Amino acid sequence: MIRHTTDNHVSTLTLNRPEALNAITPDQRERLIQLFSEASADPDVRAVVLTGTGRGFCTGADLRGGSSTGERVAGDVARTLRLGAQRLIAAVLDCEKPVIAAVNGTAAGLGAHLALACDLVLAAESARFIEVFVRRGLVPDGGGAYLLPRLIGPQRAKELMFFGDALTAPDAERLGLVNRVVPDADLDKTARDWATRLAAGPTRALALTKQLVNASLDTDRGTAFAAEAAAQEINMTTADAKEGVASFVERRGARFRGR
């Protein structure tokens, strides 16, 4: 249900349930979490691409196997959410390698948040983003109320979440949810090109930069400056930082090895 390949230091994760528009089952969710963790720890992986097959990128959690009519025990819902959707989004945010979402089709509910948790978002022209929760009388989950205001501000986030209208890829780009919209036929190539560039970069510097940016909106200036100084201290011990400085002095292109 998830295709996983690694080539030229790029790990590609492809959701592969096109008949269900790539709605995520619990087994898929756990496998994705595992793969993001493995990508962080594997020195041979220097960038990750997340995409889907068919007409859907991901239409959220697959609810067909569950029931909403049975009696619930207090705390069940919060526990399920904490151990499920929130762990998945955290796995993307905390991955130590840059993650590109190549959104090939509809991204709805948790699927939209899965894309928006990625570091860079490419969208096919046919892609759509839908905050579908309000249509079902539900509160957004999977970190949506955390992610969207940080990307587009609280007013725009409320508009999307209150109305649940489908957002086209060009409109998502205009709002700042998407880095770039490309023709459907060019999505895979563009994602590969971006990932290849990232995989050739200073991997540890990118990881530390990702951590700084992700934490920046949750911290005060003093804390952010201290984190920046600590990141610089750590990064200057890497071989890639030494290579970067040497290449500048020697007036040549840098040859980063991800270490």
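Below is a friendly chat about a predicted model and how its strands, helices and loops are arranged.

Q: Hi! Let's start with the sheets. What is the strand order in the open sheet of 6 strands?
A: Hi! The order in that sheet is 1-2-3-5-7-10, and the pairing is mixed.

Q: Which strands stand at the edges there?
A: Strand 1 (2-7) and strand 10 (180-182) do. Each has a single partner strand, so one side of each has no neighbour in the sheet. From one strand to the next, the twist averages 20°.

Q: OK, zoom in a bit. In what sense do strand 2 and strand 3 pair, and over how many bridges?
A: They pair in the parallel sense, over 6 bridges. If you want a spot to look for, find Ser11: its bridge partner in strand 3 is Val48.

Q: And strand 3 itself, how many of its residues are buried?
A: For strand 3 (residues 47-52), the count is 6 of 6, so the strand is mostly covered.

Q: Which of those residues point one way and which the other way?
A: Ala47, Val49 and Thr51 point one way from strand 3, while Val48, Leu50 and Gly52 point the other way. Both groups are buried.

Q: Nice. What about strand 7 and strand 10, how many bridges are there?
A: Strand 7 (residues 120-124) pairs with strand 10 over 3 bridges, in the parallel sense. Look for Ala124, which stands opposite Val182 in strand 10.

Q: Now the sheet with 4 strands. What order is that one in?
A: That open sheet runs 4-6-8-9, with mixed pairing. Its edge strands are strand 4 (56-58) and strand 9 (166-168), and each of them pairs on one side only. Ignoring direction, neighbouring strands of this sheet are turned by 25° against each other on average.

Q: Which residues make up strand 6 and strand 8, and in what sense do they pair?
A: Strand 6 covers residues 106-108 and strand 8 covers residues 128-130; they pair in the parallel sense over 3 bridges. Ala108 has Ile130 of strand 8 as its bridge partner.

Q: Switching to helices! What do people use to describe two packed helices?
A: They use the angle between the two axes and the distance between those axes.

Q: Then how do helix 5 and helix 6 cross?
A: The axes of helix 5 (residues 144-152) and helix 6 (residues 154-163) come within 7 Å and cross at roughly 130°. The two helices are therefore oblique to each other. Helix 5 passes helix 6 in a right-handed crossing.

Q: Which residues make that contact?
A: On helix 5 they are Gly144, Ala145, Leu148, Pro149 and Ile152, and on helix 6 they are Pro154, Arg156, Ala157, Leu160 and Met161. That contact divides into 8 nonpolar, 1 polar and 1 charged.

Q: And how about helix 2 and helix 3, at what angle do they cross?
A: Helix 2 and helix 3 (residues 85-94) cross at roughly 25°, with axes that come within 3 Å. They are therefore roughly parallel to each other. Thr80, Leu81, Arg82 and Leu83 of helix 2 make the contact with Ala85, Gln86 and Arg87 of helix 3. These residues divide into 3 nonpolar, 2 polar and 2 charged.

Q: Let's do loops. Where is Thr25, and is Thr25 buried or exposed?
A: Thr25 sits in the loop between strand 2 (10-15) and helix 1 (26-41). Its relative accessible area is 13%, so Thr25 is buried. Leaving aside residues up to four places away in sequence, Thr25 touches Met1, Arg17 and Asp62.

Q: Is Glu71 buried or exposed?
A: Glu71 counts as exposed, because its relative accessibility is 82%. Its place is in the loop between strand 4 and helix 2 (76-83).

Q: How far apart are Glu71 and Leu83?
A: They are 12 residues apart in sequence, and 20 Å apart in space from C-alpha to C-alpha.

Q: Last topic: phi angles. What sign does phi have in most residues other than glycine?
A: In most of them phi is negative. His9 has a positive value, near 70°. You'll find His9 in the loop between strand 1 and strand 2, and it is partly exposed at 29% relative accessible area.

Q: What is phi of Arg251 near?
A: Phi of Arg251 is near 55°, which is positive too. Arg251 lies in the segment after helix 11 (239-249), and it is exposed, with a relative accessible area of 81%.

Terms used:
Residues numbered from 1 in each chain as written. Predicted model: local features only at pLDDT ≥ 70, side-chain atom pairs only at ≥ 80, totals over all residues. Heavy atoms only, no water. Axes fitted to C-alpha atoms, helices over the stretch in contact; angles between N-to-C directions. Parallel < 35°, antiparallel > 145°, perpendicular 65-115°, else oblique. Left-handed = near helix turned anticlockwise from the far one by under 90°. Contact = heavy atoms within 4.5 Å. Nonpolar A, V, L, I, M, F, W, Y, C, P; charged D, E, K, R; others polar. Pairing = 2+ DSSP bridges. Buried < 20%, exposed > 50% of the residue type's maximum accessible area, 1.4 Å probe, protein only.
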